[in-house]
Amino acid sequence: MTPANHEEHYAADADAPHVAAASTFPASDADALWRVLATRRDHRHFHPTPVPRELIERLLSVFSVAPSVGLSQPWHVTVVQELAVREAVHAGFRDVRATEAERFSGERRELYNTLRLEGILQAPVGLVVSHLPPDGPVLGTTAMPAASEYSVISAITLLWLAATAEGLGMGWVSLLDPAHLSGAVPLPTGARPLAYLCLGYPSLDLDEPLLQTVGWGQRRPLPVDWV
Ligand SMILES: Cc1cc2nc3c(=O)[nH]c(=O)nc-3n(C[C@H](O)[C@H](O)[C@H](O)COP(=O)(O)O)c2cc1C
């Protein structure tokens, strides 16, 4: 039975009568989820096959099950399919990439200049995911205002997993100036773009992070302390 009010919720805590039914899944479901987690990749190579609109809508329904601080749902998504808009976004990417290359020197810069870091023009779909702050105070953001933006990011992570489960590839492009992105893509007033996501059918199998394959970096063991 669901506790009806605040006091009963705390009482349910103290009674701890049983493990909630929703937490029991067959092992095959859990295995499937772990497979999705292990095979999710950041993709930058895409096949031109269009993504059906119903599938895009299905993926976007992830936002209706995603967590958000105070249930505030502080997000907005712009689906970009027009090539002209993607070209405008790509122009911004080229500028940032040129600036970023200068932060590295020697062999590191040479390697940087060979990296494939986006699929903006190849991916038939781009998603601009913005933070759209709700009016008024939001429960849970008093001491940690950034929790509002974290909510958007955590929803994107779920979207990434759902795309993987549906056989799609997603690639996150952060080499973009938010001010340029706001000019290139029409966004609602008050929306601050946090991510440009390339979405489509991947054209390259990736068994490990591409940056690892090309020798830029390596997955490391988790630094963890138990106290
Ligand atoms: C916030 C964020 C921004 C990222 N921005 C870029 C990017 O601009 N270009 C790129 O090629 N990859 C980008 N990535 C993908 C990472 O390079 C990738 O997640 C990492 O190398 C691990 O590879 P994997 O996601 O395939 O496991 C980004 C990932 C995150 C989480």
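**Aromatic pairs.** I searched the whole of this predicted model for aromatic pairs and obtained 5. I then examined the pair formed by Phe104 and Trp216, which is edge-to-face. The two ring centres are 5.2 Å apart, and I noted 85° between the planes; an angle over 60 degrees counts as edge-to-face. Next I looked up where the partners sit in the chain. Phe104 belongs to the loop between α4 (83-101) and α5 (106-114), whereas Trp216 is in the segment after α8 (210-213), so this pair ties together parts that lie 112 residues apart in sequence.

**Secondary structure.** I recorded 8 helices and 5 strands for the chain. Their order along the sequence reads α-α-β-α-β-α-α-β-α-β-α-β-α. For the overall extent, I noted that the C-alpha trace spans about 60 × 40 × 40 Å along its principal axes.

**Ligand site.** I asked which pocket the ligand takes up, and found that its space is the largest pocket. I listed the residues around the ligand in sequence order: Arg40, Arg41, Asp42, Arg44, Leu117, Trp172, Val173, Ser174, Leu175, Pro209, Leu211 and Arg219. By character, this shell divides into 6 nonpolar, 1 polar and 5 charged residues.

**Polar contacts of the ligand.** I looked up which protein atoms approach the ligand's N and O atoms. An N or O atom in the side chain of Arg40 is 2.8 Å from a ligand oxygen atom. At Leu117 the partner is a polar backbone atom, 2.9 Å from a nitrogen atom of the ligand. Trp172 likewise contributes a backbone N or O atom, which lies 3.1 Å from a ligand nitrogen atom. Finally, I noted how much of the ligand is covered: on its own it has 620 Å² of accessible area, and the protein covers 75% of this.

Notes. Residues are numbered from 1 along each chain as its sequence is written. This is a predicted model: local features need pLDDT of at least 70, side-chain atom pairs count only at pLDDT 80 or more; totals for chains, interfaces and linings use all residues. Side-chain values use heavy atoms; hydrogens and water are left out. A residue is near a molecule or strand if one of its heavy atoms lies within 4 Å of it. A polar contact is a pair of N or O atoms within 3.5 Å; within protein, one must be able to donate a hydrogen and the other to accept it, and residues adjacent in sequence count only if both atoms are side-chain atoms. Accessible areas come from the Shrake-Rupley method with a 1.4 Å probe; for residues, only the protein chains shown count as cover. On a 1 Å grid over the protein atoms alone, a cavity is a set of points where a 1.4 Å probe fits but cannot get out, and a pocket is an open set with protein on both sides within 12 Å along at least five of seven lines; lining residues have an atom within 4 Å of a point. A molecule sits in a cavity or pocket if more than half of its atoms lie within 2 Å of its grid points. Ala, Val, Leu, Ile, Met, Phe, Trp, Tyr, Cys and Pro count as nonpolar, Asp, Glu, Lys and Arg as charged, and the others, Gly among them, as polar. Rings of Phe, Tyr and Trp (its six-membered ring) pair if their centres lie within 6.5 Å; planes under 30 degrees apart count as stacked, over 60 as edge-to-face and the rest as tilted. Helices (H or I, at least four residues) and strands (E, at least two) are DSSP runs, numbered from the N terminus.
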